[in-house]
Amino acid sequence: MQPDQAYFSPLALTSALTFLPLAQSQLDYRTELRGRSDLFRHLCGGGRVRVVLVDGERMALPARSLESSRVGGGQLRLAALAGEYLPSGLAPSQDRPSALYFLGSLRGEHWFALDLGLARRLADDGQGSREGSAFLDKAGGRFDWIGLYAFAPRTSGRDAGLATSALSLAAWHSRQKHCPNCGAPTWPDQNGWAQRCEGEGQGRVLFPRVEPAVITSIVDSQDRLLLEHNTAWDPGFYSLCAGFVEAGENLEHAVRREAMEELRLPLGEVRYLGSQPWPFPASLMVGFKALALGSDIHVDGQETEDAQWMTRQEYAEALASGRMTPPGKASIARSMVEQWYGRPL
Ligand SMILES: [Zn+2]
C-alpha cells in the first residue's frame, strides 16, 4: 500500500453515517514538510505539483464548468494548475511570505492552494511581485468560481477535501491579520498552516483555532426523530438540535445542555456518530445520537421557534408536500437525518 493511502482513514470512526462530503479526504498532510520555506520549489523540481485557487469563500473551476454541468450533469472538479506555470513571484522564499498553502500529497501528486485574497494583501504590503500581480489581475475572469456548500456534494472526495482545507485556511488568514496577544501584524508561515507575529521579536507562532459544535439526532422511545426550526432559518427549514461547545465543557455535556436549553428535554444514552469540518468559518461539527427521556418538549421561542417529533412516514409526507425542507447535502445534519430515515432523502 502506498504510504499516502495508508496514512489517513477519516472514515474509520464515521461508518455510522452514510456520507460526509467534507470528510472524505484521503490526502496525506505531510506535516513534516510544512516548515520548509523552499518546499514549493523543491517539489516542483520533481514535477507533479498541482495548484488549486481559492478566493474569499470560493474555489476556482475550469472555465465554463458550471454551464456544462447544468446542461450535461456530471461531477465538478477543481481547476488544477501545474506548479511550474505559476509565476515564481507567488512562491514562498526565505525572506518573503507567500499565499501558497501546502495541502498535502496523494498518489504521487503534491497539492497546493493559492489564496488570491491573501496574495493581493501581500502585494498591497509591497511583498508581491509584478508577474504575480499580473496573474492575480487576470485570474478572476479565467475561471468559474463556486462555494463549498454547492461544490462538495457534486465532486470527488479528493477535491472536496482539497477545497475544505484551502477554504479553512483562507478564512483564518482573512479573519486574523493581527496577533491576539500583542496586536502586531501577522504573516503566513509554515506553508500556510501557521502565522508569525511581526512583534515580540518575531518569535510567536500562531495556529488556527477550530470551534467545536455538537449536533444531535434525538429520538424518542418510538424512534421518532426530533426536527426543529430556528428563528434565523428560512421558512420550512428543519434540522437537528445543535450548538457550540462552551468554555470548560466536554462534548457530551454540550449535547445535554443544548437539548435542555432549546427543548427542555433531558437525554438518556448519548452515542457518537461521526464528525466533519464545517469551515463557515471554523467549526468542527461533532454528531451524536441520543435517546430522549420522555417526549415533552418546550421550545424557548427565542432561538428555537418550533420542534416536532416525526415518524418516517410523517417526515416523508412533510418533505413531499413542501411543508418541510431538509438539511443541505453538504451538511452532517443531512447525513444524520438519512441515517435515521434509513435511505437517502
Ligand atoms: Zn504578538
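1. Helices and strands here are runs assigned by DSSP, a helix having at least four residues and a strand at least two. Keep that in mind for the percentages below. The model is predicted.

2. Start with the annotated region. An unreviewed UniProt entry gives "domain: Nudix hydrolase" for residues 208–338. Over residues 208–338 the chain is 22% helix and 37% strand. The C-alpha atoms at the two ends of this stretch are 32 Å apart.

3. Next, look at helix H8, residues 251–263. H8 has 13 residues and spans 18 Å from first C-alpha to last. That is close to the 18 Å expected at 1.5 Å a residue. Just after H8 comes Arg264, with a positive phi near 50°.

4. Which residues of H8 are buried? They are Ala254, Val255, Arg257, Glu258, Ala259, Glu262 and Leu263. An α-helix has 3.6 residues a turn, so residues three or four places apart point the same way. Check the list of buried positions with that in mind. The cover over these residues includes strands S10 (211–219), S11 (225–230) and S12 (241–244). It also includes S13 (267–278), S14 (283–292) and S15 (304–310).

5. Between S13 and S14 there is a loop, and Pro281 sits in it. The peptide bond from Phe280 to Pro281 is cis. Its omega is near 5°.

6. Now two helices that meet. Helix H9 covers residues 312–320, and helix H10 covers residues 332–341. Their axes come within 11 Å and cross at roughly 130°. H9 is therefore oblique to H10. On the H9 side, Arg312, Tyr315 and Ala316 make the contact. On the H10 side, Val337, Trp340 and Tyr341 do so.

7. Turn to a sheet of three strands. Strands of a sheet pair through backbone hydrogen bonds, either parallel or antiparallel. In this open sheet the order is S7-S8-S9, and the pairing is antiparallel. Which strands form the edges? Strand S7 (186–189) and strand S9 (205–206) do, because each pairs on one side only. Strand S8, residues 194–197, pairs with S9 over two bridges. Gln195 stands opposite Leu206 in S9.

8. A helix accompanies this sheet. Helix H7, residues 157–175, lies across S7, S8 and S9. H7 runs at about 20° to S8.

9. Positive phi angles turn up in two loops as well. Gln190 is not a glycine, yet its phi is positive, about 50°. Gln190 lies in the loop between S7 and S8. Arg107 is also a residue other than glycine, and its phi is near 45°. Arg107 lies in the loop between strand S4 (100–106) and strand S5 (109–115).

10. Are these two residues buried or exposed? Arg107 counts as exposed because its relative accessibility is 51%, and the cut-off for exposed is over 50%. Gln190 has 27% relative accessibility, so Gln190 counts as partly exposed.

11. Last, a serine. Ser65 belongs to helix H3, residues 65–72. Its relative accessible area is 14%, so Ser65 is buried. The limit for buried is under 20%. What does Ser65 touch, leaving aside neighbours within four places in sequence? Ser65 is in contact with Leu76 and Asp144.

Note on methods:
Residues numbered from 1 in each chain as written. Predicted model: local features only at pLDDT ≥ 70, side-chain atom pairs only at ≥ 80, totals over all residues. Heavy atoms only, no water. UniProt positions renumbered as here; feature names shortened; annotations may be inferred. Contact = heavy atoms within 4.5 Å. Axes fitted to C-alpha atoms, helices over the stretch in contact; angles between N-to-C directions. Expected span 1.5 Å × (residues − 1). Buried < 20%, exposed > 50% of the residue type's maximum accessible area, 1.4 Å probe, protein only. Parallel < 35°, antiparallel > 145°, perpendicular 65-115°, else oblique.
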